[in-house]
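Reader: I'm in my first year and still getting used to looking at models like this one. Could you take me through the aromatic rings, slowly and in plain words?

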Amino acid sequence: MKETALYIHIPFCDHKCIYCDFYSIIAYDNVVPYLSSLKSEMSYYAGLLKDERKFTSIYFGGGTPSFMEPEYIGELINTASGFFNFTEKPEITLETNPGTVDKNKLELFLQSGINRISIGIQSFHEDELKFLTRIHNKETAIETVHNTANAGFDNISVDLIFNLPGQTKQKWLSNLRTAIELPVKHISAYSLILERGTILNKMVLDGKVTLQNEDYDADLYELTIDFFEEHGFHQYEVSNFALDGYECLHNNAYWHYKDYLGLGTSAHSFMNGKRWHNYSSLHRYITELNKNGHAQSSSELISPEQELNEYVMLALRSSGLKLYEHKKKFGDDWLMQKYDYFKLLKNNGFLNLDENNIRLTRKGYAVCDEILSHLL
């Protein structure tokens with residue numbers, strides 16, 4: 001059976017943060033119909049996939065999945081377990097925001113089948129949280145992490161954002177120090193990205209917000225890598241750091257170019273060399289499901305050149321390009337064409353190169369996009 005990851009999108013949210021470009025809605029009148037539609041979509045794909053796949057993870061993203069009642073999430077887990085084959089102990093992650101859960105609700109999520117919690121903290125500074133329009137404060141963020149651990153969760157991740165307008169190195173370091181003092185095993189540290197269509201993008205275009213330059217962003221990023229390395233969190237992807245054994249299994253499926261099935265509004269899927277995504281509008285999603293059994297808005301077949309480019313890009317962004325696997329999949333030609341460039345990068349300290357693997361160094365991660373633009 002082919003290993004596959006399962007993503008389920010929960011679009012409901014209490015408000016839209018200024019930097020967020022994920023599909024979310026601030027309305028709850030379709031919570032129950034949406035549950036029914038997700039079950040219908042599971043049934044549709046179960047009929048197509050039959051017994052050819054073994055699912056290794058479920059990831060509930062959003063939106064704010066933790067706004068849902070634990071019974072709601074539990075019902076989706078149970079339905080998925082009835083339709084699909086899973087490994088003995090699949091990783092099941094719930095994205096959670098401080099201010100949406102207490103210890104009792106977290107205990108119920110644990111009982112429902114969730115075994116990994118990802119908490120969107122972003123910052124421990126009140127002014128930065130206010131700028132990002134988060135609903136929580138520092139105390140609530142810290143309390144949520146402790147409540148999660150006390151509820152029985154061992155696998156806890158937190159998200160942080162760096163290079164906010166005016167953010168100093170000292171301020172960012174204090175965020176990192178606060179995070180590692182908490183009972184967390186995984187930390188995602190993202191640079192503030194300006195996405196089209198977001199409130200933040202309009203604020204920048206209107207001159208109300210000025211972002212810091214790319215050189216300063218790179219300095220903060222290298223500072224982040226050094227800090228985590230010193231404190232036992234190893235980097236296994238450009239923006240992700242974990243204690244040994246706590247790498248995110250679900251996200252590794254994406255980064256290692258494995259197949260994944262996405263359910264719900266705006267969800268993306270990738271299977272057998274084909275990529276597709278669902279309609280974003282909740283009403284359109286439900287309508288299409290009722291009419292067709294699925295809600296695919298578009299699809300594409302991946303060309304051999306596109307497959308090579310995506311495979312290399314994801315490998316270099318994460319644990320490195322495994323040469324045996326690459327040669328088995330694509331042959332030697334591309335590697336031979338790029339060998340001199342790889343050797344140049346190695347001589348300048350941007351990557352490690354041996355007979356088994358090509359992996360970016362800390363210095364290489366900092367200019368990953370530039371390296372990839374030369375390669376692909």
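Author: Here is a walk through the ring pairs, followed by the charges that sit over rings and one serine.

Before we start, this is a predicted model, so to speak: local features need pLDDT of at least 70, side-chain atom pairs count only at pLDDT 80 or more, and totals for chains, interfaces and linings use all residues. Residues are numbered from 1 along each chain as its sequence is written, and side-chain values use heavy atoms, with hydrogens and water left out.

A pair of aromatic rings is described by the distance of the centres and the angle of the planes. Rings of Phe, Tyr and Trp (its six-membered ring) pair if their centres lie within 6.5 Å; planes under 30 degrees apart are stacked, over 60 edge-to-face, and the rest tilted. That rule gives 21 aromatic pairs here.

Take F162 and Y221: their ring centres are 6.3 Å apart and their planes are at 20°, so this pair is stacked. It links distant parts of the chain, since F162 is in strand β5 (residues 155-162) and Y221 is in helix α8 (residues 214-230), 59 residues apart. Those labels are DSSP runs numbered from the N terminus: helices are H or I with at least four residues, strands are E with at least two. F162 and Y221 are both buried, where buried means under 20% relative accessible area, exposed over 50%, and partly exposed in between (1.4 Å probe, protein chains only).

Now try Y236 and W255. With centres 5.8 Å apart and planes at 65°, the pair is edge-to-face. Y236 belongs to strand β7 (residues 234-237) and W255 to helix α9 (residues 249-255), so the pair ties together parts 19 residues apart in sequence. Both Y236 and W255 are buried.

Rings can also join up in a group: ring pairs link Y254, Y257, Y260, F270, Y311 and F330 into a cluster.

Charges get in on it too. A charge sits over a ring if NZ of Lys or CZ of Arg is within 6 Å of the ring centre and within 35 degrees of the ring normal. The charged end of R284 does this with Y279, 4.1 Å from the ring centre, and that of K363 with F350, at 4.6 Å.

Back to F162 for a moment: among the residues in contact with S191 (heavy atoms within 4.5 Å), leaving aside neighbours within four places in sequence, are F162 and D217. S191 is in strand β6 (residues 186-191) and is buried, at 18% relative accessible area.
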